[in-house]
Amino acid sequence: SVPPVAPATTLGRLAELVSRAQGSKPSVQRLADDLASRFVPCVLVLSLATAAVWLFLLFAGDIEDAPQDPALKICLALQFGLAVMMLACPCAMGLATPTAISVAVGVASSRHHCLVRDASVLERGASRGKKTFIVLDKTGTVTEGKPRAVAAALWADPEVEWAEALNLPRVDAVAGAIAPEWLSGEAHQQAAALWLALGCAESAAPVHPIAVAVDRFCQQHAPGLRSRAEVLPGHLEHLPGRGFRAEVRLGSTSVQLHVGGPSMLSELEEAHPNVDWPRLRAWANRQGGASIVFAVAAGGAAAAVVALRDPIRPEAKRATEALVRAYGGLGQCEIWLCTGDNAAAAAVAAGALGVPMDRVRSGQLPQDKRALVETLQGAGAEVVMVGDGLNDAPALAQADLGVAIGAGAQLACDAADVVLCRSSLLDLLAFRELCLATRIAIYRNFVWAFGFNIIGLPLAAGCGYPWGISISPMLAGMAMSCSSVLVVTSSLMLNRFRPSAAADDMPASVAGDASATGGGLEEPLLGGSQGP
């Protein structure tokens, strides 16, 4: 026998998301249910009224060619009443929305790698009329999320020989792909200890692209030493949006380590005043738009700065331009860039996307990103937030439409309304177009359901009887079934949905990554580590 699928597995979580979305109701469905609940008693009253009117007319002798037998008159009146009841069954109205939603959710997940939280997301994704602000995170959203260390600088207090007691082997400071720049002479053992502590702490930290890149970089500069270090249990403190603190055991000695980005620099300067921060800051400012990570160890005895570069996604500019067009053009849609990275790195990304600098926010903490979303909403606009990290979760939850990159943190995916499994902004464009197509399908279904009743009810009530046109209860029942079939067929036409050429122009690298990872649904979506 085949064991049941566990909820914590990739397949189990995907099935849970799809099932929840297909079973939810958008506001238009709640309106349809309300109309159907009122429609049924109205139909019963109309059916009885039809039979009563025909009984009166037939026995009053006002109908030519009417049967003379009283029993046949009663049967004819009941026939019209039953025909009204059979024809006006609200099945088609009840099927108009859920069938379209079920098909759309299936198309979104299976063909366009978009997981939706509930049916209302499809409705919000098709909204029009209001001005829309699309707020993009940088790392992992606009960029590929695979930063690579390109430079490093080291500073060590020459009067402190804290690394000597660790009994570490000498490590060539120029080993690996990058030669660190020494800002205070060479101190190889302190470099080895610092790289070892930093790499160990980053490997124990949340799975974030920058943490992975720093860990890989440190292993290059302290090869073979990983087995000699470990983060002490309970001594890893995460600082969302800034970095983390850790205590790393190196042999018989432990090293306190503070790691963070530019937003944590003032705190590091205050905690370790003996470090030559002006030289480290000056070096960081010369890196021309790179992401910067600062690390301080052993009470300020040694410090390091690592510069990382993350390539811009090749489809990012095309995707943002197409999204602006899809949301109504330049007058109706604006792209914003909001990142926790430094201003220089944000400017590089904004230049690649063509985003004006007055719409760029750098050095943003999680609460700052949420505040930006609230400010934009306060202007009467709808906000679409796209992000992938733990820092983005509050903003994703606040936005009118939160979109998470599927390879991002679990909390970001849980807070979002839509998860793009292939981590491509082009899938957001395809999702927007699918939402519009779904709304058209729902309206088309309602037009058919109501139009069928508007046309069919007068005939079922016998309005065409004087001219020899009438509908028997059997034909009315068949017509009612056909109307439901046509509504379902109309919804199934969404299976033929194809995104525009702009949305379907997926780079080969992205498509390859998606196929290699099972459509892009990676472990962080399943409850694994969460990025800072």
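A salt bridge, as the term is used in these legends, is a side-chain nitrogen of Lys or Arg within 4 Å of a carboxyl oxygen of Asp or Glu. Keep that in mind for several of the views below, and note that the model shown is a predicted one.

**View 1. Glu-267 and Arg-245 make a salt bridge.** The closest N and O atoms of this pair sit 2.4 Å apart. Glu-267 belongs to helix α8 (residues 265–271) and Arg-245 to strand β6 (residues 243–250), so you are looking at a link between distant parts of the chain, 22 residues apart. Are the two partners buried or exposed? Neither label fits: Glu-267 has 22% relative accessibility and so counts as partly exposed, and Arg-245, at 23%, also counts as partly exposed. Pull back to the whole structure, and a search turns up 12 salt bridges.

**View 2. The whole chain, for orientation.** The chain has 17 helices and 14 strands. Of its 532 residues, 54% are buried. Now take the contacts between residues at least 6 apart in sequence: 72% of them join residues at least 24 apart.

**View 3. Helix α12 covers residues 366–378.** Its 13 residues reach 19 Å from the first C-alpha to the last, close to the 18 Å expected at 1.5 Å a residue. Which of its residues are buried? They are Pro-366, Lys-369, Leu-372, Val-373, Leu-376 and Gln-377. Looking down the axis of α12, you find these buried residues within an arc of 135 degrees, so they line one face of the helix. A bit of helix geometry helps here: an α-helix has 3.6 residues a turn, so residues three or four places apart point the same way. Over on the other side of α12, Gln-367, Thr-375 and Gly-378 are exposed. Just after the helix comes Gly-380, with a positive phi of about 85 degrees.

**View 4. What lies over the buried residues of α12.** The cover includes the strands β2 (132–136), β10 (333–338), β11 (360–361) and β12 (382–387). Another part of the cover is helix α13 (393–398).

**View 5. Lys-369 of helix α12 makes salt bridges with Asp-137 and with Asp-392.** With Asp-137, the N to O distance is 3.2 Å. That pair links distant parts of the chain, 232 residues apart: Asp-137 is in the loop between β2 and β3 (148–156), while Lys-369 is in α12. With Asp-392, the N to O distance is 2.6 Å. Asp-392 lies in the loop between β12 and α13 and Lys-369 in α12, so this pair ties together parts that are 23 residues apart in sequence. How accessible is Lys-369? Its relative accessibility is 3%, so Lys-369 counts as buried. Asp-392 counts as buried too, at 1%, and Asp-137 is also buried.

**View 6. Lys-131, Glu-334 and Arg-359 form a network.** Here, salt bridges link the three residues.

**View 7. An open sheet of seven strands, with mixed pairing.** What is the order of the strands? Read across, it goes β1-β14-β13-β12-β2-β10-β11. The edge strands are β1 (114–116) and β11, each of which pairs on one side only. At the β1 edge, three bridges join β1 to β14 in the antiparallel sense. One spot to look for is Val-116, whose bridge partner in β14 is Val-418.

**View 8. Strand β13 (residues 401–405) is mostly covered.** Five of its five residues are buried. In a regular strand the side chains alternate between the two faces of the sheet. In β13, Leu-401, Val-403 and Ile-405 point one way, and Gly-402 and Ala-404 point the other way.

**View 9. Strand β13 with β12 and β14.** The strands β12 and β13 run parallel and are joined by four bridges. Strand β14 (residues 418–420) also runs parallel to β13, through three bridges. Which residue of β13 is the bridge partner of Gly-387? That would be Ala-404, which also stands opposite Val-419 in β14. Add helix α13 to the picture, and β12, α13 and β13 make a right-handed β-α-β unit.

Technical notes: Residues numbered from 1 in each chain as written. Predicted model: local features only at pLDDT ≥ 70, side-chain atom pairs only at ≥ 80, totals over all residues. Heavy atoms only, no water. Helix = DSSP H or I, 4+ residues; strand = E, 2+ residues; numbered from the N terminus. Expected span 1.5 Å × (residues − 1). Buried < 20%, exposed > 50% of the residue type's maximum accessible area, 1.4 Å probe, protein only. Arc of directions from axis to C-beta. Contact = heavy atoms within 4.5 Å. Pairing = 2+ DSSP bridges. Right-handed = clockwise from strand over helix to strand, strands pointing away.
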